[in-house]
Amino acid sequence: MNSVGEACTDMKREYDQCFNRWFAEKFLKGDGSGDPCTDLFKRYQQCVQKAIKEKEIPIEGLEFMGHSKEKSESSS
Amino acid sequence: MVKYFLGQSVLRSSWDQVFAAFWQRYPNPYSKHVLTEDIVHREVTPDQKLLSRRLLTKTNRMPRWAERFFPANVAHSVYILEDSIVDPQNQTMTTFTWNINHARLMVVEERCVYCVNPENSGWTEIRREAWVSSSLFGVSRAVQEFGLARFKSNVTKTIKGFEYILAKLQGEAPSKTLVETAKEATEKAKETALAATEKAKDLASKAATKKQQQQQQHYV
């Protein structure tokens, strides 16, 4: 799968490979410590965050998991 | 006004297989509309949960009539954020996904909870809720309000006009008083129309800024 930053795709794939291994073999089995992918993640993030800024993708200031208020059918 | 969706799916695989597959599902033969995928945030919490934010870009496929109505939207892909919490201790995962552009036209929000199937512990259940909304509803309400207000002010003018001409036909000379009354009625009608326009403008801008306000409320 491609990254939104064309230059970041290889870094993304490298990180993904590392993450998927750690996720299945360590994290899901209860061992969430010692993430071996931090360096790869840092490199990948530097690249992709730059691409996001350049493309002006509005990901800033958005609350994790969206707004927590109740959703209703009524119009407001 | 929001359209609501509730659904449930079952995957005949165990929860750990599903959670691992969640991060590897793109690309697949059914995801030709997904153009890019990136993790833009990830952390492990002190209580051993994995928080992630994934940025996706997808093609913006609209029916022909929508392309004609919203030509400005056609050229741009859709940016979507997918937030997730993986809780391996409780064997559950929760996701929240929504679009961060084209929001003035339509917002689709989806919340999923993945857990072990209660009937078969080797299977995984997905409970899915979604909300589809559009600020265009606010615009149509403003148009209606304005139409009704302008109609009412025209009714006032109709009656005043009738009274004027009836008085004239019934022999009363069009005195200064009658002409002044007609002038007053026109002024009053103008004021009513102006007040109605202000109200409609206010409703329309409320509808437009409502989404903006919601975005601002999210600011951490």
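Me: A polar contact is a pair of N or O atoms within 3.5 Å; within protein, one must be able to donate a hydrogen and the other to accept it, and residues adjacent in sequence count only if both atoms are side-chain atoms. How many residue pairs in polar contact does the rule find across the interface of chain B and chain A?

Reply: It finds 13 such pairs, with both residues at pLDDT 80 or more. This is a predicted model, where local features need pLDDT of at least 70 and side-chain atom pairs count only at 80 or more, while totals for chains, interfaces and linings use all residues. Residues are numbered from 1 along each chain as its sequence is written, chains are lettered from A and ligands numbered from 1 in the order written, and side-chain values use heavy atoms, leaving out hydrogens and water.

Me: Which elements give two or more residues to the side of chain B that touches chain A?

Reply: They are β1 (2-11), α1 (15-22), β2 (34-44), β3, β4, β5 and α5 (176-217) of chain B. These names follow DSSP runs, numbered from the N terminus: helices are H or I with at least four residues, strands E with at least two. β2(B) gives the largest share, ten residues. By class, this side has 28 nonpolar, 13 polar and nine charged residues. Here Ala, Val, Leu, Ile, Met, Phe, Trp, Tyr, Cys and Pro are nonpolar, Asp, Glu, Lys and Arg charged, and the others, Gly among them, polar.

Me: What is the area buried between chain B and chain A?

Reply: About 3900 Å², with carbon and sulfur atoms giving 64%. The term stands for the accessible area (1.4 Å probe) that two parts lose on being put together, summed over both. In contact (heavy atoms within 4.5 Å) are 50 residues of chain B with 38 residues of chain A.

Me: Why is the meeting of Glu37(B) and Lys12(A) called a salt bridge?

Reply: The rule asks for a side-chain nitrogen of Lys or Arg within 4 Å of a carboxyl oxygen of Asp or Glu. The N to O distance here is 2.9 Å, so the pair qualifies. The rule finds one salt bridge across this interface, and the structure holds 14 over all chains. Lys12(A) also meets Asp16(A) in a salt bridge, at 2.8 Å; both lie in helix α1 of chain A, four residues apart, about one turn of the helix.

Me: What makes a space a cavity, and what makes it a pocket?

Reply: On a 1 Å grid over the protein atoms alone, a cavity is a set of points where a 1.4 Å probe fits but cannot get out, while a pocket is an open set with protein on both sides within 12 Å along at least five of seven lines; lining residues have an atom within 4 Å of a point. Points are joined across faces, edges and corners, and volume is the space filled by probe spheres set on them. The largest pocket has about 840 Å³ and 33 lining residues, with Lys58(B), Val78(B), Ile80(B), Asn99(B) and Val108(B) nearest its centre. Its lining has 18 nonpolar, nine polar and six charged residues.

Me: How many cavities of 30 Å³ or more does the search find?

Reply: Two, over the whole structure. The second largest holds about 60 Å³, and its lining residues include Lys12(A), Asp16(A) and Glu37(B).

Me: What kind of peptide bond joins Tyr26(B) and Pro27(B)?

Reply: A cis one, with omega about -5°. Most peptide bonds are trans. Pro27(B) lies in the loop between α1 and β2 of chain B.
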